[in-house]
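Colleague: Please take a close look at one part of this model, the part where burial and strand pairing can be read together, and give me a single connected account of it.

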Amino acid sequence: MGALLTTAAATATLPERIDNQRWTLVARPSGLMQLDDVKLVHEQLDTSALKEGEAIIQCEVLSVDAFLRTMLDEKAYHGAIALGDTIPALGYGKVVASANPKLRCGSRVMGMLGACSYAKLGKDQAAMAMPMLSLPYVQPRTFLGLLGVTSGLTAWVGIHAVTKPPRRGETALVSGAAGATGSVAAQLAKQTGARVVGVAGGENKKAYLLDKLGLAAAIDYKDTHLTIGEQLDKLCPNGIDYYFDTVGGELLDEVLRRLNRNARVVICGASSQYNGNLNVGTVRGPSEYLKLAERGAQMIGFNVMFYFHRLPGAMVHILWLMFRGKIFMTEQLERGIEAFAPAMIKMFTGGHIGKLLVEIGPPRPSSEGTGEASKKIV
């Protein structure tokens, strides 16, 4: 029967073969990912032949993150996948079969599970799976969103650990401010006392920045009457002291033209550039970088994993703000494994607000979570 499972109960209740569905890559996307680039494969997963160190996780909730698109390219900073491989996805789920003494059947774990109903983790993958934390009054989904490494914790590091944070009297600009990372970054910047201006696309998202996040002003990059530059001149008349960037491209150049002396630009990501192979010269870099020298400003990028030692403190700070009602995460929850690939496309076409998640298991009450459950944005 292969390696022994970690608990006898699991062998008694789990069939030797279970139905599984997983999204696989069938073609390298050219530009925006299309549904024709991926395929939902139906298969049976053998639970009785696990090798030493392996485990099977029943996926419960998967995170839809912008960086996943880069992994579909032939050469990728975050690690490319091969044609036929499962689409990567962070998430959490329950261990239902295990030949790994560290992964106990019935326990919840979090890690790179992939876009599937059941994730069969090899020895190396299983070694990287982390036990789910359990905190009073904190729902599991929170560890993918507000307390997630790719969302809330990334925002905290960008605001507080990379360079001098914004401060009272300064103007701080945040791009992608209606997204999972940007919305938290905007709220954290607001807590410093700075005047915070957010950038998003569409009237609904602009209203979200003003009415829900309570930002001082909001720029709509889809505005048909005013250009981005004209909106920046109008809403940041005294220039920009701090910029948290998740978008890159044209917007970054417009901001560089309007930097104040000693301004700080923090590069978190560049979602406007993710629909192309990042390592083959297709990225549009800033043409206005000399403004950094002219203004004595700095531009610095970061990878959240380089600040791993700061994450426990970041988590405590975010929890403190959350319990005081000073910060929240809006969640948009899609249902079923069938929704994962369409959700990835939605990520880049403006179809969501806050954290985009896909629930694979049975639906739970909408009241769960730390933020508001957002309605579908058309």
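Modeller: A residue is called buried here when its relative accessible area is under 20%, exposed when the value is over 50%, and partly exposed in between. The model is predicted, and the part I would choose is strand 11 (residues 240-245) with its partners. Six of the six residues of strand 11 are buried, so this strand is largely enclosed by the rest of the structure.

On one side of the pairing scheme, strand 8 (residues 171-174) runs parallel to strand 11 and is joined to it by three bridges, with L173 standing opposite Y243. Strand 12 (residues 259-267) also runs parallel to strand 11, here over five bridges, and within that pairing R264 is the bridge partner of Y242. The connection between these last two strands passes through helix 8 (residues 249-256), and strand 11, helix 8 and strand 12 together form a right-handed β-α-β unit.

Strand 12 also holds a backbone detail that deserves a careful look, since N262 is placed in this strand and has a phi near 65 degrees, a positive value in a residue other than glycine. Most residues other than glycine have a negative phi. With a relative accessible area of 47%, N262 lies between the two cut-offs and is therefore partly exposed, whereas the residues of strand 11 are buried.

The enclosure of strand 11 can be followed into the packing around it. In soluble globular proteins, nonpolar side chains tend to be buried together. The largest nonpolar core of this model has 52 residues, of which V157, L188 and L209 touch the most other members. Strand 11 and strand 8 are among the elements that give two or more residues to this core, as are helix 4 (152-160), helix 5 (180-191), strand 9 (195-200), helix 6 (203-212) and helix 10 (311-323). The largest share, seven residues, comes from helix 10. For L188, if its neighbours within four places in sequence are left aside, the contacts are A155, W156, I159, H160, L321 and I327. Another core, of 39 residues, lies apart from this one and includes V38, A126, A129 and A343.

Taken together, strand 11 is a buried strand that pairs in parallel with strand 8 and with strand 12, and strand 11 also contributes to the largest nonpolar core.

Technical notes: Residues numbered from 1 in each chain as written. Predicted model: local features only at pLDDT ≥ 70, side-chain atom pairs only at ≥ 80, totals over all residues. Heavy atoms only, no water. Buried < 20%, exposed > 50% of the residue type's maximum accessible area, 1.4 Å probe, protein only. Helix = DSSP H or I, 4+ residues; strand = E, 2+ residues; numbered from the N terminus. Pairing = 2+ DSSP bridges. Right-handed = clockwise from strand over helix to strand, strands pointing away. Core = buried A, V, L, I, M, F, W, Y, C linked by side-chain atoms within 4.5 Å. Contact = heavy atoms within 4.5 Å.
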